[in-house]
Amino acid sequence: MRCPYCAFLEDKVIDSRPGKDGRSIRRRRECQACHERFTSYERIEESFPMIVKKDKTREEYNRDKLLGGIKIACNKLPISTQRIDEVISNIERKLIEESASEVTVEFLGTTVMEALRGLDPVAYIRFASVYREFEGIEEFLRELNRMESEAESE
Ligand SMILES: [Zn+2]
């Protein structure tokens, strides 16, 4: 968290307690550079499982990354941003409903495919045809980005 005094990015949490509304956490922090203290409030987010990749490494669920991939699959299709948001919310609900600490990247990929199937057949086919060929969502997203930039340069 950025220090409000000197803008340094490293700090040490010295105290954490629930906020008054019960939906946030209040943390006292000390800047590692100037040692000023400040308070942050963080919303308690529903927690997502870690994503286990093919090589057994784990990464945190990342909404922006998922959004990026879905936007590319939906590129130039008549799908509103709001519909895409709904699709992502549905995917996130499924992830949370699993109540697991980890899910595989295949699980995530399948969940995305199911969600896109209900959204638009073209987006679904784009996602599915690329996804099946690849090790995981990482590579899939890279490939979509590549396809995207090629489409733009045509
Ligand atoms: Zn500071």
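This note goes through the fold, the zinc site, a sheet, an aromatic pair and two helix residues of a predicted model.

1. **Overall fold.** The protein chain holds 5 helices and 6 strands. Along the sequence the order of elements is β-β-β-β-β-α-α-β-α-α-α. The strand that follows the second helix in this pattern is β6, at residues 102–104.

2. **Burial and surface.** The protein chain has 154 residues, and 35% of them count as buried. Its accessible surface is about 9,900 Å². Carbon and sulfur atoms contribute 47% of that surface.

3. **Contacts across the sequence.** Take the contacts in the protein chain with a separation of 6 or more. Of these, 43% join residues 24 or more positions apart.

4. **Zinc ligands.** Four cysteines coordinate the zinc ion through their SG atoms: Cys3, Cys6, Cys31 and Cys34. The distances run from 2.3 to 2.4 Å. The angles among the 4 donor atoms span 104 to 117°, and the site is tetrahedral. That call follows because all angles fall between 85 and 135 degrees, the range required for four donors.

5. **Zinc site in sequence.** The donor residues follow the spacing C-x2-C-x24-C-x2-C. Cys6 sits in the segment before β1 (11–18), while Cys31 belongs to strand β2 (residues 24–31), so this pair ties together parts 25 residues apart in sequence. Are these two donors buried or exposed? Cys6 is partly exposed, at 36% relative accessibility. Cys31 is buried, with a relative accessible area of 0%.

6. **Three-stranded sheet.** One open sheet has 3 strands in the order β5-β4-β6, and its pairing is mixed. β5 and β6 are the edge strands, each with a single partner, so one side of each has no neighbour in the sheet. Strands β4 and β6 run parallel and are joined by 3 bridges. Val52 has Thr104 of β6 as its bridge partner.

7. **Aromatic pair.** The count of aromatic pairs is 1. The ring centres of Phe48 and Tyr61 are 4.5 Å apart and the planes meet at 45°, so the pair is tilted. Phe48 is in the loop between β3 (37–43) and β4 (50–52), and Tyr61 is in the loop between β5 (58–59) and α1 (63–73), so the pair ties together parts 13 residues apart in sequence.

8. **Exposure of the two rings.** Which residue of the pair is buried, and which is partly exposed? Tyr61 is buried, with a relative accessible area of 12%. Phe48 is partly exposed, at 29% relative accessibility. The cut-off for buried is under 20%, so the two residues fall in separate classes.

9. **Thr111.** This residue lies in helix α3 (residues 105–119). Thr111 is buried, at 4% relative accessibility. What does Thr111 touch, leaving aside neighbours within four places in sequence? Its contacts are Ile91 and Lys94.

10. **Arg126.** Helix α4 (residues 121–133) contains Arg126. Arg126 is partly exposed, with a relative accessible area of 27%. Its C-alpha atom is 9.7 Å from that of Leu116. Along the chain, Arg126 and Leu116 are 10 residues apart.

Terms used: Residues numbered from 1 in each chain as written. Predicted model: local features only at pLDDT ≥ 70, side-chain atom pairs only at ≥ 80, totals over all residues. Heavy atoms only, no water. Donors = N, O, S within 2.8 Å, 3.2 Å for Na, K, Ca; no water. Tetrahedral: all angles 85-135°; square planar, octahedral: opposite > 155°, others 65-115°. Helix = DSSP H or I, 4+ residues; strand = E, 2+ residues; numbered from the N terminus. Buried < 20%, exposed > 50% of the residue type's maximum accessible area, 1.4 Å probe, protein only. Phe/Tyr/Trp six-rings, centres within 6.5 Å; stacked < 30°, edge-to-face > 60°. Contact = heavy atoms within 4.5 Å. Areas by Shrake-Rupley, 256 points an atom, 1.4 Å probe, with all protein chains shown as cover. Pairing = 2+ DSSP bridges.
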